Amino acid sequence: MADHAIFNLLADPSWLGDHWGWLVAAAIVVLGLLGAGLRDLGRFSPKRIWALSGVCFDESIRKRVLWIAPLAMLGVIVVTELQKALDEQDALRQSLKFCLFATGTVAVMVSIILAATNLPRDIETRVIYTIVTKPTTRLELILGKIVGFARVSLALLLIMGLFTWGYLRVRERRERGQIAHRLRDGDVGETEQARLTHYLDTGLLTARTLRSPDQFQVYGRMPDLAGQKRVISDQGNQDVLAEFSGDRAALFGEAPPEAPADQWAHQGIGQFGLVIRVELNTRRTGPANDQPQEAPTFGPTPPKPKGPKPLLPPSLLIDVFGSTGYQLVGSQQMIGAADLPTLRQEIADFVKTSRMPSSTAMQVRLSRPQPLSDGGQGQVAYAWVPPSAATRLFNEPFFYVRFTGASDHVDYEVGPQPVRVFVPQIQQNRIEFESPGAREVPLAAGRDGQPLPLTFRGRMGLRGGQEIKGTDSGPSGIGVFSFRHSPTPAAVNGQIPMEVNVYVDRAGAEVLEGHEAATTLDVAVYDRQSGSVTTQSVQVESRQIAFFTVPAAAITGPDYDVAISCPTPGRDIGLFPADSLQVVLGRQSFEFNLLKSLCILWMMSILVVSLAVFCSTFLSWPIALVLTVVLLLGRWGVNQLADVTGPGLGRQIVNEFRFNDAPVAEVVSTSVDALSRSMNLFSRVLPDMSRFEAIGDIEQGVSIPGEKLAQSLGVLVGFGLPAAVAAYLVMKRKEVAP
Amino acid sequence: MMASDDEAVQTEHLTKVYKDFWGRDKVRALDDLTLSIHRGEVFGLLGPNGSGKSTTIKLLLGLIFPTAGGARVLGHPAGSTAINQRIGFLPEESYLYRFLNGEETLRFYGRLFKIPGKELNRRIPALLDTVGLDAKSRKRKLREYSKGMARRIGLAQALINNPDLILLDEPTTGLDPIGTREMKDLILSLKAQGKTVLLCSHLLGDVQDVCDRIIILFRGRMQTLGQVRDLLQVKDVTQIQARGMTDQQLAETRAFLSRLGVSDAVITHPTTTLEELFVRVVRQHTVAGQSSVGSG
């Protein structure tokens, strides 16, 4: 581990910058304990710590701190009884969320108040005289306080946890009774019946271990997954993203490291622009509605040529996106052409007139089929990004080129590398990008050094999902969820359980249960190991999990794909990459999951106690209380301001407030930027409380993974231990007698 | 600083200056104190309010740190955690957890000394008996204690570890005369056990009764240090005491002194102290079945 760290440090000095928070924490602990506290460490006695913690615990209990628990429980019962739930399981999950939220809130609030006020009060009442004049080290004193209040929060968590368990079990029993009653009466639709039966079979609180897909792609037609060709459909229903490296030297060329941005930006694509070349094949599937209209003629009608007029090829839409997902260069800002001579002419005209021609990349018509460099046949289209627009890539670590099928009734068949990007050169007044002087921009590479695969996306729906459609002529769009190196799911009665959760739209309005005909999804499981395909139909309701199973033989290896399409006409199905299709790897008891959740909350409470005790060593209790809250919420707060505190804030403020005096503007701009940088830097040394995520999974009925417990423990150790040692160092030098 | 095995406490040029927020000198609480307290003696630290008595004790216990000079306690630097194992401390008021009862208090402090449970079970009742807390009051929370009871439990916690050096800051404050007498008896009994007692008080009578040596501090500086009997002796006055003299014998004694040339001799009956009288009366009633301890 140490070798690994040293290697990282030598190989990449930025490693130091990325991990400096951890290094500071380690330095505090090591130097604090081994440097200043070696003697106290030698006298360290767990018995004394336990005795000190016992007093803190007794004090809290005798002050009736635990009375908060029944009050919180009463609040939870009132709120949960008033809630409106989607169904029986949702009712229980909402109740569970309220219970755990109340548990966490009570535990944290009590921990902060007790821990921040205790030490200052001991000093104020001078009880500390009789403690530090015993053979108690200041280290034991601090740890005794922390352990004491950790015991208090544990007691609270156990009481609240026990209540949560009991209350939810009682409610589950009630809900299951109602479900059984409804099923007996036959008062449910077909889709709902499957769900309710599943609830009865597996219970409403049982946790599942879910496997989310590693990749999600949306194609126009069901592809041959063993091959490399993919199809996107027309009318902008799908698009393709190719990710390219934003390496500055590759895009702009070499420049001295100290050269200002302006000097870089006048080279490479800042001088000659950027050329994008797309190659693919198209196939008409219906009437060609994308042909140019004939202009009205005056006078005698010229004779029509004999025979059918050859159709022009279909069109594409090309644009460029930045690393944050924002569009950097719109298609109307590029010059598009189907061949190089036309492109050169258009560029020459643009250079002369500085006006964009009508042939932008908004609708670039593809060339007719022609031989390609790989020996096959294909159609190509070019787009040129002018230098003024290309310089927007200056600070992008990577960027995407997106193309979308713009014509109607066309299948666009895409190969493995349909997009290439070039930095052109001007030779003899001609723009060249396949000559030796020009260079090709490499595709962005993954961790394995291999180019990243293309991303095929569905049209983004209003509710945030990628949509596929069910049409009268069959499904339009197939969502393919790919699982790689996945653990083998545990079959129950020879069946592997899966879950699908989508939203269903019709003409922009959500289809709610019971009001319309059921929506059906076709699910096909492709087993990469055996090559078998298993199909299944599943009825779904909008935003309701649909439970279904496939035979255990459908998945024999770690790699498999699940394709989803919608045969129900008139429905738009919204899919989400991470959680619309999940495989159930196993089930776990609610009790065990609840215990894990309480463990995370307890670790959070211990961190809160450590920070509060640290603050109380040098501040009066009200200020210690406030500082503790700031330390706990600081990182979250700065994260909320992330965009506001980003680079360029100073310049933005200067522009906003119209500082016309250049020196003043410079001072304001640099000061604001420095403040913003300091704030970001400060937030990085604060604990990331979002790592103590104890409610989300259990609320969704998902087994809390061990990694989350490890993450919580990591934050607790990384921040709690240095806080405790820092508190000890302050106390060691503190005169406790006023 | 030279350390001697015979000395329980040694200070050399011990100085404490309290600073204000800006680091400027605010109060010179103790100024250049050099003294030695021998093992096995009862040493009195006297002085008016603000003279530096409590500051000295706080410095010896490490509750505050010296500005200059140094101190050693039982051969170790003052404030050393290790030496606290052999020290008992009764602060000027009983600064104890008020939500604990008497027994719990002693058990808590006993556990800080890592005294085994069985030993604590034996030692706690014995100590509570020693300081005069009855069975009923042992189970009451400290917040319900009278001031005298609080002093007694405070003293018990100071003795829980059977210390070699006991620092008592105003030990008789809040005690009734019986309690005061018991406290003084206890101090003398501790001395008899070979323990060193540092007594800090401004009740001069108490100090006079139990102390071997005293120091008088004023405005942070040492004014006087020495044996109590030496310091209190009036060297030019002689006192002769005799029991059962008749009026005739008194007249002859007076005439005899006159013949010797002693013109201003005072011959009178000595009086007992009010404390002696009070103790005698209350003890007579206690024997008759009434108690003054534990009732608050």
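**Notebook: chain B on chain A, and H3 against H21**

I started with the contacts between chains: 29 residues of chain B touch 33 residues of chain A, contact being heavy atoms within 4.5 Å. Note to self: this is a predicted model, where local features need pLDDT of at least 70, side-chain atom pairs count only at pLDDT 80 or more, and totals for chains, interfaces and linings use all residues. Residues are numbered from 1 along each chain as its sequence is written, chains are lettered from A and ligands numbered from 1 in the order written, and side-chain values use heavy atoms, with hydrogens and water left out.

Next I looked up the area. Chain B and chain A bury about 2,900 Å² between them, 64% of it on carbon and sulfur atoms; buried area is the accessible area (1.4 Å probe) that two parts lose on being put together, summed over both. On the chain B side, B:Leu63, B:Tyr95 and B:Leu112 lose the most area to chain A, together 23% of what that side buries.

Then the charges. I find three salt bridges between the two chains (a side-chain nitrogen of Lys or Arg within 4 Å of a carboxyl oxygen of Asp or Glu). A:Glu735 pairs with B:Lys16 in a salt bridge, their closest N and O atoms 2.6 Å apart.

Last, a helix pair inside chain A. Helices here are DSSP runs (H or I, at least four residues), numbered from the N terminus. H3 (residues 20-36) packs on H21 (residues 706-732) at about 40 degrees, with axes 9 Å apart; axes are lines fitted to C-alpha atoms over the stretch in contact, and angles run from 0 to 180 degrees between N-to-C directions.

Terms used:
Helices (H or I, at least four residues) and strands (E, at least two) are DSSP runs, numbered from the N terminus.
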